[in-house]
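Colleague: Could you please take a close look at a single part of this structure and explain it step by step? A first-year student will read your answer, so kindly give the cut-offs behind each term.

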Amino acid sequence: MNHPESAGAGSAQRRRILIGVAGGIAAYKACHLIRDFTEHGDDVRVIPTEAALNFVGAATFEALSGHPVSTTVFDAVDEVQHVSLGQQADAIVIAPATADLIARLAGGRADDLLSASALVATCPVIIAPAMHTEMWLNPATQDNVATLRRRGVTVMEPAHGRLTGTDTGAGRLPDPEQIAEFARTIIAGHRVGHDWQGRKVVISAGGTQENLDPVRYFGNRSSGRQGFALAEIAAQRGADVTIVAGNTEALPVPSGAAVVRVTSTRDMQEAMNAESADADIVIMAAAVADYRPASVADSKMKKGTADADLAHLELVENPDILKGLVERRDSGSLNPDAIIVGFAAETGDETTTVLEYAQRKFAKKGCDVLMANEVGEGKVFGQPTSAGWILRRDAEPVVVEPGSKQVVAAQILEAVNEILKK
């Protein structure tokens with residue numbers, strides 16, 4: 001079996017993306033979204049509502065997309081534009097979507113160019129809501145969102161955070177790069193249903209750091225992107241998500257997820273044990289340090305001094321968090337029905353392939369699912385893409401073709417979902 005190679009982040013073909021923009025203060029973020037898609041090689045058309053143009057002018061949208069902007073069904077009538085744009089699109093991404101626009105879409109309205117294009121479309125439609133918390137939680141909005149989801153529209157969960165004025169809560173538009181990456185996952189054919197409501201998911205992410213002295217530490221190249229991508233997809237499926245995060249401060253927090261920050265492997269072990277006590281799904285995506293210094297100096301160790309023999313460091317083994325979680329589940333300390341997912345970052349050699357090493361680790365750890373990656377210079381760690389194999393009990397390894405870490409995350413969680421359904 002050949003192992004997959006890493007791939008670039010760009011799209012394989014020029015897709016036609018319609019970006020809808022509703023009239024909310026977050027409309028300015030659509031500019032970053034447009035730029036993200038165009039830089040991935042997509043042909044972007046922007047369809048704002050009339051209200052959106054009160055926040056961002058048509059000239060800005062035209063300059064960023066390279067196409068004229070219209071809001072009404074009465075422009076380009078000879079081209080039947082109010083039908084052709086939706087028919088020809090490979091995806092429609094609406095960000096921000098206000099409560100008013102969501103209500104009109106749920107009602108099947110077609111009284112402007114954006115709603116008409118969405119009504120005629122057979123391609124994926126992804127909606128990113130943005131509004132005040134009270135509007136988002138209002139039963140009318142929740143009913144409209146449920147209606148759209150039932151019809152196959154993907155409605156993202158909004159982020160929590162600062163809203164217009166001094167308000168804080170659910171209803172903030174996710175960061176444009178999060179919306180774009182999530183949309184590309186849907187466009188790639190990985191449907192993310194809103195089917196994990198009431199489930200608790202705990203995910204570790206990033207690399208741990210083991211202090212040598214107040215200045216130096218042992219670590220690795222893990223960025224935490226894969227763990228955060230898993231959290232993003234799980235949250236969009238409706239789960240209650242907690243991330244136990246190592247060195248990941250540069251990453252945007254997935255919508256609605258809680259983050260517990262840790263430093264060392266032992267810190268992560270303690271947090272994972274505590275957070276996973278009642279979890280339905282536990283995912284060890286973090287790249288933990290296998291060893292730590294036997295002692296930590298109180299002050300910086302200086303070269304050439306007797307107490308700083310950096311060439312002869314004594315190391316001790318760190319706890320195996322994944323194996324410990326399996327043992328805790330099997331002994332009843334965790335939810336006995338919890339599904340546990342592990343990762344294997346491997347390199348092959350002359351005698352053993354990456355996959356063979358991963359299969360040995362899978363048998364040893366006792367988890368239910370294991371994602372195996374080939375790591376090395378320019379592979380997986382710190383990269384926007386991944387590839388490898390998904391291992392499950394009593395099943396053949398599934399090849400994960402090169403793709404973004406959100407696309408890979410969607411495949412891993414779908415493997416988990418197959419177990420949940422059984």
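Modeller: Helices α8 and α13 are oblique to each other, a word used for angles that are not under 35 degrees (roughly parallel), over 145 (roughly antiparallel) or 65 to 115 (roughly perpendicular). This is a predicted model, in which local features need pLDDT of at least 70, side-chain atom pairs count only at pLDDT 80 or more, and totals for chains, interfaces and linings use all residues. Residues are numbered from 1 along each chain as its sequence is written, and side-chain values use heavy atoms, with hydrogens and water left out.

The label oblique rests on an angle of about 55° between α8 and α13 (residues 405-421), whose axes lie 8 Å apart. Here an axis is a line fitted to C-alpha atoms, for helices over the stretch in contact, and the angle, from 0 to 180 degrees, is taken between N-to-C directions. Helices (H or I, at least four residues) and strands (E, at least two) are DSSP runs, numbered from the N terminus. The two helices cross in a right-handed manner; that is, the near helix is turned clockwise from the far one by less than a right angle, whereas anticlockwise would be left-handed. On the α8 side, Q178, E181, F182 and T185 meet Q406, V407 and A410 of α13, where contact means heavy atoms within 4.5 Å.

Let us now turn to the approach to α8. The loop between β7 (168-172) and α8 (176-187) holds L173. L173 has a relative accessible area of 4% and is therefore buried (under 20% is buried, over 50% exposed and in between partly exposed, with a 1.4 Å probe and protein chains only). Leaving aside neighbours within four places in sequence, L173 is in contact with A26, K29, A95, P96, A128, P129, A130, A159 and I179. The C-alpha atoms of L173 and P158 are 5.7 Å apart, although 15 residues separate them along the chain.

Strand β7 itself includes G171. With a relative accessible area of 3%, G171 is buried too. Not counting residues up to four places away in sequence, its contacts are P129, A130, M131, P158, A159 and L163. From G171 to P129, the C-alpha separation is 7.0 Å, while the two are 42 residues apart in sequence. P129, A130 and A159 thus appear among the contacts of both L173 and G171.
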